[in-house]
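Biologist: I'd like to go through this model with you, one question at a time. Could you put it up on the screen?

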Amino acid sequence: MCGIFGYAGAARDAREAVLEGLQRLEYRGYDSWGIAVVSNGSISVDKHIGLVGYDAGSLPRSHIGIGHTRWATHGKVTDVNAHPHYSSDRSFALAHNGIVENAPALKSSLQKDGFKFISETDTEVIVRLIERRMRKAKTLSEAVRLSFKDLEGRNTIIVLAKSGEIIAARNGSPLVLGLGTSSEIYLSSDVFSCAPHVKSILVLDNGEMVAVRERAITLSSIATGKKIKQVYEKNLLKDVVVSKGAYDHYMLKEIYEAPFVIRQVIKESDATYLALARAIKRARRVYTIGSGTAGAAAAQMAFYLRLYGHIDAKELIGAEAFEYKSLISKGDVLIAPSQSGETADVLEVLELVHARRATIASFVNMPGSMMTRLSDHKFMANAGPEICVMSTKIFVSQIAWGYLVAKAVEGKLAEGKRNLKKLATETEKLLADDKFIAKVRGHASRLAHKEHLYLLGKGQNLQIIREGMVKIIEGSYVHAHAIPAGDLKHYAITLMAPGVSVITAVSNDEVRASVLNAIHEVRARGASVFGIAPQTDENFDEFLAVPDTKETSAILNIIPLQLLAYYMAVELDHNVDKPRNIAKSVTVK
Ligand code: G6P
């Protein structure tokens with residue numbers, strides 16, 4: 001993952017502009033960070049491990065700079081491995097997002113030519129490749145272009161030359177250019193990081209590169225070096241405010257935004273839903289795909305499509321779709337919910353099936369993403385930025401959307417919208433109920449000190465407890481294990497014993513009795529059960545009452561689980577918004 005950023009313009013101090021951009025890109029990785037600026041014809045670099053923060057004065061004042069926030073792939077988290085990396089003669093510095101898959105081969109060829117390496121990164125291979133090309137190439141831009149062509153994998157780079165030129169090239173990992181209100185130029189891994197300052201954006205496609213020199217922007221093809229026409233879009237995120245407000249953490253604020261995101265899903269026009277419903281009904285096969293939390297959302301959507309749409313939909317996990325790549329083609333529909341629209345595992349499948357002319361639908365929150373661009377049916381979550389690395393409100397919006405698409409396929413779109421409206425109201429009431437919140441918090445402080453937690457669910461709640469598990473693991477680092485309620489007796493029952501805690505979410509539906517049956521079996525072995533349900537049961541040792549919203553009950557049930565995970569992380573004094581080792585947007589494989 002990693003985020004890259006660049007600034008050129010007279011209006012701002014580059015150190016501050018880049019620093020602010022990196023802080024907004026930190027969701028992409030927060031192991032280490034670095035900034036490079038040009039001043040008086042030379043480049044200065046400052047790099048640190050840990051969260052982005054600035055020791056003012058260590059870099060000269062400048063109007064041109066680049067920066068990087070790192071999520072380590074090749075090489076440990078050290079100052080030396082942090083980007084940007086200098087060229088040997090310090091005539092340029094480079095930052096990188098991606099993985100150079102052929103780095104070992106390139107490195108040994110460079111070593112044979114006498115090039116020395118000081119870091120453990122694959123990024124330094126790109127730096128040395130450019131240096132080697134510079135021996136013959138007429139310009140730095142040409143050396144960058146030719147070197148970039150030698151790289152395998154999904155990579156994006158940004159290069160700062162001591163002349164003040166900035167060059168960036170994209171193949172896989174995202175890259176946008178923003179035009180500032182005072183004609184300054186921004187380059188970044190996403191629109192959001194420079195959104196307050198830019199009026200229009202240019203989203204680079206794979207295989208494109210851009211050079212910025214004294215305010216002149218050149219967009220060209222990496223393959224041919226030929227110029228490409230620049231098409232700018234309005235920056236729709238300009239006025240989006242990013243603030244925790246009165247909340248202690250973004251995660252809590254975002255959980256409280258659930259009613260808002262559900263209403264955003266309802267707002268999308270009937271025609272857009274119906275067009276996708278028609279494509280689904282016509283399809284030979286329907287697949288849903290996502291990674292991590294979006295994978296759980298994709299699976300929940302497939303469940304809804306099967307249950308309400310009577311469509312034999314199949315869920316795929318982005319990184320585990322290998323054997324499906326040859327099966328999906330024209331006539332099939334592939335549906336991808338994704339916060340970023342840039343997740344590499346999913347994009348790789350989408351690009352492949354797009355080439356085979358399968359129909360693609362996506363539900364994305366970040367504007368200008370590659371997934372949206374690849375899609376025949378483009379839905380936007382319009383949920384506002386999700387800052388906490390743990391996804392909460394986006395998961396709610398993804399499954400609400402999945403539910404509505406399934407209702408559209410069923411021919412009951414209006415009923416689906418009404419049900420979601422009620423769900424938004426009930427969720428709002430629940431979140432405003434201080435007694436409910438205090439109860440969740442009480443359970444969280446108890447459960448946070450367990451070594452293991454088990455979650456049981458079935459039917460509409462199966463993916464919900466799976467996502468509850470994901471949230472608990474991400475936030476509290478407590479080992480959690482989601483078990484399909486009916487499968488318990490086949491294996492995990494061996495783990496049930498006195499002192500063991502089991503969490504369950506139960507709805508008033510046709511599988512309720514069967515879940516309660518599994519809970520009996522758990523209790524009979526001495527484990528204790530914490531139930532989330534509309535009404536209590538004699539087998540719940542602890543109980544959290546939630547309203548019965550019928551068909552949308554599972555969507556509501558994720559809220560207490562998200563809150564539970566939140567308060568567990570708070571109880572353990574963890575960095576709630578930035579849990580260790582993970583990143584929000586995974587644009588490398
Ligand atoms: C990462 C994040 C998850 C997210 C997943 C997919 O693993 O930590 O929260 O669900 O990527 O991201 P996407 O942008 O496709 O929703």
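Biologist: In which sense do β15 and β16 pair?
Modeller: Keep in mind that we're looking at a predicted model. One bridge to look for joins Y287 to its partner in β16, K314. There are five bridges between β15 and β16, and the sense of the pairing is parallel.

Biologist: How many residues of β15 are buried?
Modeller: Take the two directions in turn. In a regular strand, side chains alternate between the two faces of the sheet. V286, T288 and G290 point one way from β15, Y287 and I289 point the other way, and all are buried. So for the strand at 286-290, mostly covered, the count is five of five.

Biologist: There's another sheet further along the chain. In what order do its strands run?
Modeller: Five strands make up that open sheet, with parallel pairing. β21 (479-484) and β24 (542-545) each have a single partner strand, so each has one side without a neighbour in the sheet and stands at an edge. Between neighbouring strands the average turn is 20°, direction ignored. The order is β21-β20-β22-β23-β24.

Biologist: Which residue is the bridge partner of F530 in β24?
Modeller: Start from β23, residues 528-533, which pairs with β24 in the parallel sense over four bridges. The partner of F530 in β24 is E542.

Biologist: Is R170 buried or exposed?
Modeller: R170 belongs to strand β8, residues 166-171. The side chain of R170 makes a polar contact with the side chain of N206, at 3.0 Å. The relative accessible area of R170 is 1%, and the cut-off for buried is under 20%, so R170 is buried.

Biologist: On to the rings: is the pair of Y273 and F379 stacked, edge-to-face or tilted?
Modeller: A pair of aromatic rings is described by the distance of the centres and the angle of the planes. The structure holds 13 aromatic pairs. For Y273 and F379 the centres are 5.3 Å apart and the planes are at 50°; stacked needs under 30 degrees and edge-to-face over 60, so this pair is tilted.

Biologist: How many residues apart are Y273 and F379 along the chain?
Modeller: Y273 is in helix α7 (residues 270-282) and F379 is in strand β19 (residues 377-380), so the pair links distant parts of the chain. Y273 counts as buried at 1% relative accessibility, and F379 is buried at 1% too. Along the chain, Y273 and F379 are 106 residues apart.

Biologist: What kind of aromatic pair do Y304 and Y308 form?
Modeller: Y304 and Y308 are both buried. Their ring centres are 6.0 Å apart, with 20° between the planes. With stacked meaning planes under 30 degrees apart, Y304 and Y308 are stacked.

Biologist: Which residues do ring pairs link into a cluster?
Modeller: We've already met two of the members, Y273 and F379. Follow the ring pairs and the cluster reads Y273, F363, F379 and W401.

Biologist: How far is R580 from the ring centre of Y477?
Modeller: There are arginines lying over rings here, including R128, whose charged end sits over F117 at 6.0 Å from the ring centre. R580 lies over the face of Y477, and the distance from the ring centre is 3.9 Å.

Biologist: Which residues does Y491 touch, leaving out those up to four places away in sequence?
Modeller: Y491 sits in the loop between β21 and β22 (501-505). At 35% relative accessibility, Y491 counts as partly exposed. Its contacts are H481, I483 and P484.

Biologist: Any backbone oddities? Which peptide bond is cis?
Modeller: Most residues other than glycine have a negative phi, and most peptide bonds are trans. P84 is in the loop between β4 (64-70) and β5 (85-86). With omega near -5°, the cis bond runs from H83 to P84.

Biologist: What is the phi of K550, roughly?
Modeller: K550 is in the loop between β24 and α16 (553-571) and is exposed at 58% relative accessibility. H310, with a positive phi of about 55°, is also exposed, at 65%. K550 isn't a glycine, yet its phi is positive, at about 60°.

Technical notes
Residues numbered from 1 in each chain as written. Predicted model: local features only at pLDDT ≥ 70, side-chain atom pairs only at ≥ 80, totals over all residues. Heavy atoms only, no water. Pairing = 2+ DSSP bridges. Helix = DSSP H or I, 4+ residues; strand = E, 2+ residues; numbered from the N terminus. Axes fitted to C-alpha atoms, helices over the stretch in contact; angles between N-to-C directions. Buried < 20%, exposed > 50% of the residue type's maximum accessible area, 1.4 Å probe, protein only. Polar contact = N/O pair within 3.5 Å; in protein donor to acceptor, adjacent residues only side chain to side chain. Phe/Tyr/Trp six-rings, centres within 6.5 Å; stacked < 30°, edge-to-face > 60°. Lys NZ or Arg CZ within 6 Å of the ring centre and 35° of its normal. Contact = heavy atoms within 4.5 Å.
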